[in-house]
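Open the structure in your viewer and keep the sequence panel in view. The stops below are given in the order in which to select them.

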Amino acid sequence: MATINKVTIMPPSDGSQIDKLTTLETYILAEEQRYPGASGSFSWILAAMTLSAKIIASKIRRARIEDVLGAIGSQNISGDHQQKLDVIANETLLRCLGARAGVALLASEENDEPIILRTEEDRPYCILFDPLDGSSNLDACVSVGTIFSILRHNPDADPIERSLLQPGTKQVAAGYMLYGSSCVFVLTTGHGVNFFVLDPTVGAFMLVQQDIRIPDAAPTYSVNEAYRDRFPAGYQRYLDWAHTNGYSTRYIGSMVADVHRILVKGGVFLYPPTADHPEGKIRLMYEANPLAMIVKQAGGKAYAGTQPLLEIDPHALHQRTPVIMGSPVEVDHVVKHLSVE
Ligand code: AFP
């Protein structure tokens with residue numbers, strides 16, 4: 001018999017390791033038992049995430065029928081053209097999370113400023129999220145996802161919004177929901193990475209893989225190679241090396257989907273700086289940091305150029321960062337090419 005903390009799981013009769021009857025809610029309650037005296041607010045926050053995921057997943061499935069595809073004509077602070085579903089996903093998360101007592105601050109890619117909710121609770125949390133990563137792909141029915149990062153609120157932060165500006169190493173949990181051919185919820189609370197899939201027939205996320213490990217190596221890179229001439233020389237050297245060493249390329253254009261594929265199959269995701277965007281495109285606080293925590297917890301690596309990504313000391317909520325993350329051997333190949341003069 002396997003145990004998830006104190007929850008005992010009966011082995012399935014077909015000899016496989018997981019009975020696929022452990023829901024995300026069961027898992028969260030079992031996690032809570034690690035911390036005697038826990039108030040339960042963290043579990044309520046994760047329950048709000050699963051509710052949001054189910055709502056957003058159903059909206060995406062019905063998007064063409066309900067005529068909520070396409071842009072709304074405005075841009076967010078990062079300059080992205082907001083899609084109708086960006087707004088719907090953002091409102092869903094703000095409403096579900098905003099109602100939870102343990103949430104002090106919320107920050108979203110779609111809101112210029114963070115939302116200060118309540119800071120008087122005992123040990124409250126800050127939650128940062130990208131409601132719908134890859135949303136410019138929605139019209140083409142490509143996988144998109146929600147990415148989130150959870151930090152402890154720092155009551156000494158002055159002004160209070162500075163509580164959000166903590167390095168990725170301080171994250172207490174991170175996860176993503178991927179709305180693809182199945183709806184996936186990948187979560188780490190700092191003790192490995194667990195993988196859940198929404199069973200639409202019962203309306204619950206079921207644990208399908210515990211402590212998922214990223215393959216050490218796989219000859220696949222994921223980058224928008226059309227920008228190659230605008231990348232710094234080290235990245236171009238890496239691409240030349242990959243071309244002559246039998247590498248293959250896969251690029252979806254939704255980072256959450258690209259990183260999920262790499263988590264499962266191995267490889268490396270790159271979003272380098274370019275001549276016109278020296279900081280790269282990916283947002284540090286609610287895209288790169290949470291995905292980097294997951295990749296690292298699964299045994300992978302994550303860098304911003306030659307600097308460990310999770311160690312970046314943030315200076316702004318919407319700041320961008322270059323990204324290299326994935327299988328440890330593949331990340332090392334890239335970083336080695338950056339270091340050569
Ligand atoms: P959107 O959410 O606006 O579609 O942007 C997605 C994203 O931030 C990230 O998920 C992709 O990896 C990246 O942009 C793709 O950017 P390029 O189109 O420049 O390759």
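Start by selecting Thr26, which is partly exposed, with a relative accessible area of 30%. Bear in mind throughout that this is a predicted model. Thr26 sits in helix H1, which covers residues 24-32. Now add Gly192 to the selection: 166 residues separate Thr26 from Gly192 along the chain, and their C-alpha atoms are 17 Å apart.

**The E10, E11 and E12 strands**

Next, select residues 193-199, which make up strand E11. Is this strand mostly covered or mostly open? Six of the seven residues of E11 are buried, so the strand counts as mostly covered.

Show strand E10, residues 183-188, beside E11; the two run antiparallel and are joined by five bridges. One pair to pick out is Phe185, whose bridge partner in E11 is Phe196. E10 and E11 form a hairpin with four residues between the strands, and there Gly190 has a positive phi near 90°.

Then add strand E12, residues 204-209, which is also antiparallel to E11 and joined to it by five bridges. Asp199 is found opposite Ala204 of E12. The hairpin of E11 and E12 has four residues between its strands, and Gly203, in the turn, takes a positive phi of about 75°.

**The loop at Ser143**

Move to Ser143, in the loop that links strand E7 (125-133) and strand E8 (144-152). Is Ser143 buried, partly exposed or exposed? With a relative accessible area of 23%, Ser143 is partly exposed, because buried is reserved for values under 20%.

Display what surrounds this residue. Once neighbours within four places in sequence are set aside, Ser143 is in contact with Leu178, Tyr179, Gly180, Ser254 and Ala257. Measure from Ser143 to Gly253 as well: these two are 110 residues apart in sequence, with 9.3 Å between their C-alpha atoms.

**Helix H6**

Ala257, one of the contacts of Ser143, is also one of the buried residues of helix H6. Select the whole of H6, residues 255-265. Why is H6 described as largely enclosed by the rest of the structure? The reason is that nine of its 11 residues are buried. They are Met255, Val256, Ala257, Asp258, Val259, His260, Arg261, Ile262 and Leu263. Just after H6, click on Gly266, where phi is positive at about 90°.

**The six-stranded sheet**

Now show the open sheet of six strands, with the order E14-E13-E15-E20-E17-E18 and mixed pairing. Its edge strands are E14 (248-249) and E18 (307-308), each of which pairs on one side only. Strands of a sheet pair through backbone hydrogen bonds, in either a parallel or an antiparallel sense.

Within this sheet, select E20, residues 323-326. Val323 and Met325 point one way from E20, while Ile324 and Gly326 point the other way; all are buried.

On to the partners of E20. Strand E15 (residues 268-271) pairs with E20 in the antiparallel sense over four bridges, and Val268 is the residue opposite Gly326. Strand E17 (residues 301-304) also runs antiparallel to E20, with three bridges between them. Here Ala302 stands opposite Met325, and Lys301 has Gly326 as its bridge partner.

**The ligand**

Finish at the ligand. How many residues surround it? There are 15, and the closest are Asp133, Ser136, Tyr251, Met255 and Tyr271. Of these, Met255 has already come up among the buried residues of H6. By class, the shell around the ligand consists of five nonpolar, six polar and four charged residues.

Three distances can be displayed here:

- From a polar backbone atom of Gly134 to an oxygen atom of the ligand: 2.9 Å.
- From a polar side-chain atom of Lys281 to an oxygen atom of the ligand: 2.8 Å.
- From a polar side-chain atom of Arg283 to an oxygen atom of the ligand: 3.3 Å.

For the last view, turn on the ligand surface. Taken alone, the ligand exposes 480 Å², and the protein buries 88% of that.

Definitions and conventions. Residues are numbered from 1 along each chain as its sequence is written. This is a predicted model: local features need pLDDT of at least 70, side-chain atom pairs count only at pLDDT 80 or more; totals for chains, interfaces and linings use all residues. Side-chain values use heavy atoms; hydrogens and water are left out. A residue is near a molecule or strand if one of its heavy atoms lies within 4 Å of it. A polar contact is a pair of N or O atoms within 3.5 Å; within protein, one must be able to donate a hydrogen and the other to accept it, and residues adjacent in sequence count only if both atoms are side-chain atoms. Accessible areas come from the Shrake-Rupley method with a 1.4 Å probe; for residues, only the protein chains shown count as cover. Ala, Val, Leu, Ile, Met, Phe, Trp, Tyr, Cys and Pro count as nonpolar, Asp, Glu, Lys and Arg as charged, and the others, Gly among them, as polar. Buried means under 20% relative accessible area, exposed over 50%, partly exposed in between (1.4 Å probe, protein chains only). Two strands pair if DSSP finds at least two bridges between them. Contact means heavy atoms within 4.5 Å.
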